[in-house]
Amino acid sequence: MQLGVCYYPEQWPRSMWADDAKRMVELGITHVRIAEFAWSRMEPRAGEFAWGWLDEAVETLASAGLKLVLGTPTASPPKWLIDAHPDVLPVRADGVRWNFGSRRHYDISSETYRRECVRIVTAMVERYGRHPSIVAWQTDNELGCHETVPSYSGAALARFQTWLQRRYERVEALNDAWGNVFWSMEYLSFDTIGLPNRTPTDANPIHLLDFRRFMSDEVASFHREQIDVLRQHAPKADLLHNFMGFFTTFDHYRFAEDNALDVAAWDSYPIARTESIALPEEQKARYARTAHPDVSAFDHDRYRAIGAGRFWVMEQQAGPVNWAPWNPVPAKGMVRLWAYEAFAHGAELVSYFRWRQCPYAQEQMHSGLNLPNNELSPGGLEVQQAAREIASSAALAGLGAPARAATAVVFDYETQWMFEIQRHGKTFDYQTLAFDYYEALRELGLDVDIVSSKADLSPYRLVVVPSIAVIDETLVDQIERSSAQWVFGPRSGSKTTAFAIPSSLPPGALQRVLPMQVLEVETLRPTLTPALSIGDTQGVALHWREHVRANGETTVDAQFDDTWPAILTHGRVRYVAGWLSHALHREVLQRAAKDAGVETQLLADGLRIRRRGDLTFAFNFGPEPVQAPAPVNATFVLGHSELKTGDVCVWRNA
Ligand code: GAL
């Protein structure tokens, strides 16, 4: 359980650096990340390097005893580079090029830019790669942020055509797989295929999907070029990238695999995220100052899988931020709570953004651990408290790794892309559906692993698949081999890899273990709400509902009031034929957990628990005080069972 901070020495006079380093150490910080936007200071003019300041910053921080994470500066190419190579700027879907003057203004497909990145990263790592205090390297910054991926440039087009040729080999095969006979969309050669933008109406969904697959591979291959250089010259350091919350533009599982990352790091801004995602207004209001109780946990659990167990929070919200629709000050205690929450989910390090609020430029309204006048901010004081607590508790300081959970949620990036391309109804969003299931499991007091459908799922007792567009035979093999209970949500198995409807009808290959067919589907405007009840729990279908037929020995466990089946079961496999209102999802999952022998406990509203090592952590995100479900004679390592808003307690498991 280590604490870190993001620091920008280039934004402050040198006379402050030594004192900053000393105060970081006094605060209990062990790691500091620097340099990820400092290209114009590292190389003020093409080929003219100015390392003096960075040498001094590194030495100042290292000699204070801090461990460093060095960021490569490729998220902000300097003006001279853009002037020399304007084609580096990315192109929007409407064909307009982005301008210089902020950050992430580069096209990942640009060969020129890829060369420039390898050049600056090589220069940097040749200089600092073997420095004993530099324990990790962060590549770039938040790949794909600000919607600069995808880019619709000429470079992207050329590489897309090559990618298609590699995938399909013959243009006839592509025409066939894409169904290009429709609307006379057939191509005579790969070099005549365009990008799927600026078409009068919808482009072919498989054209869009292949472009997204290609762009996902582009992000990974762009990044891989930096990794290769870093590995060679910094063989002992951990290599990581700082991913984002609720971000699905590229396939993170494949990315981590292709890039052999040592750690998955991610940037956690819980309040801003709560404001920006599709949550019901009453939840946004309830959790306006604490963030929704599952919004960070969801990504902690996701990135734990992406980092093969090792994950860090590279940037943690430390106070009000500047980029959400509204940016309130967090409730007292939250800046401390978020660190414990990340640790409970398995984080090795929580690093706050940023050391000091910068009084100028784009992020002047963004807080840090210090106010612009260098006084500790309220968030800074909470970090000080957490650091002291951890340092004085052997139980917290020596925390073991989190065990594998009994429950898995399968999350699939391609499913997100397919259902974004074809929402079919304006309010259908796969990630929101997955989050709703995850939330229900967490309300039942369960620890959850979020995993890829390609992972080995055999150790789990309950596997929840909120939806997965393509069900391949290997997944069905996994179901057959496992002894778990499986729950599949709507739209599962509804597509082939070529983005077509399976010839056996949805849910495609799942029919091997769950004989049923989806005959028709419908999306639901807010006034269309087919009702149903499961046991005593009543509710409705929202957004999406299917008209299905149970085949063979499949049983219908619940039906809508217009008699269409709602829950179908065969053996250990359940299918939910609609997007159900939240309490119904929870009811379905509670029943499946019971059948799986996984014990559940419905937690008080706003309360969450998480086990790590031999400890249980409890957190109160709600506005009302709650009682943590600790045994009466529990030994508390931190706090006690009465939890006010923003409180944390930790007890030793019996
Ligand atoms: C992150 C980014 C940081 C900073 C921060 C502000 O997305 O990586 O550089 O901009 O947001 O919240």
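This is a guided tour of a predicted model, going from the ligand to two sheets and then to a few loop residues.

Residues are numbered from 1 along each chain as its sequence is written, and side-chain values use heavy atoms, with hydrogens and water left out. Because the model is predicted, local features need pLDDT of at least 70 and side-chain atom pairs count only at pLDDT 80 or more, while totals for chains, interfaces and linings use all residues.

**Stop 1: the ligand**

Select the ligand and show the residues near it, meaning those with a heavy atom within 4 Å. The shell consists of Phe37, Arg103, Asn141, Glu142, Asp267, Tyr269, Glu315, Trp323, Phe353, Glu363 and His366. By class, four of these residues are nonpolar, two polar and five charged. Here Ala, Val, Leu, Ile, Met, Phe, Trp, Tyr, Cys and Pro count as nonpolar, Asp, Glu, Lys and Arg as charged, and the others, Gly among them, as polar.

Next, label the polar contacts, which are pairs of N or O atoms within 3.5 Å. Which distance separates a side-chain N or O atom of His366 from an oxygen atom of the ligand? That distance is 2.7 Å. Glu315 places a polar side-chain atom 2.8 Å from a ligand oxygen, and for Trp323 the distance from a polar side-chain atom to a ligand oxygen is 2.8 Å. Taken alone, the ligand exposes 310 Å², of which the protein buries 95%; the areas come from the Shrake-Rupley method with a 1.4 Å probe.

**Stop 2: the seven-strand sheet**

Helices (H or I, at least four residues) and strands (E, at least two) are DSSP runs, numbered from the N terminus. Two strands pair if DSSP finds at least two bridges between them. Select the open sheet of seven strands, whose order is β10-β9-β11-β12-β18-β17-β16 with mixed pairing. Its edge strands are β10 (448–451) and β16 (555–559), each pairing on one side only. Neighbouring strands of this sheet are turned by 20° against each other on average, direction ignored.

Zoom in on β12 (485–488). Three bridges join β12 to β18 (residues 573–576), and the two run parallel. Within this pair, Phe488 stands opposite Tyr575. Now add helix α19 (residues 582–596), which lies across β11 (462–465), β12, β17 (565–570) and β18. Its direction is at about 160° to β12; axes are lines fitted to C-alpha atoms, for helices over the stretch in contact, and angles run from 0 to 180 degrees between N-to-C directions.

**Stop 3: the loop after β12**

Follow the chain into the loop between β12 and β13 (516–523), where Pro515 is found. What does Pro515 touch beyond its neighbours within four places in sequence? Its contacts (heavy atoms within 4.5 Å) are Ala550, Asn551, Gly552, Thr554 and His570. Measure from Pro515 to Leu568 as well: their C-alpha atoms are separated by 9.3 Å, with the two positions 53 residues apart along the chain. Pro507 lies in the loop between β12 and β13 too, and the peptide bond from Pro506 to Pro507 is cis, with omega near 5°.

**Stop 4: the four-strand sheet**

Move to the open sheet with the order β20-β21-β25-β23, where the pairing is antiparallel. The edge strands, each paired on one side only, are β20 (607–612) and β23 (635–638). From one strand to the next the twist averages 30°. β23 is joined by three bridges to β25 (residues 648–652); in β25, Trp651 is the bridge partner of Phe636.

**Stop 5: two backbone details**

Select Pro150, in the loop between β4 (134–139) and α6 (154–168). The peptide bond leading to Pro150 from Val149 is cis, with omega near 5°. Finish at Arg198, in the loop between α7 (171–178) and α8 (205–233), where phi is near 55°, a positive value in a residue other than glycine.

Notes:
A polar contact is a pair of N or O atoms within 3.5 Å; within protein, one must be able to donate a hydrogen and the other to accept it, and residues adjacent in sequence count only if both atoms are side-chain atoms.
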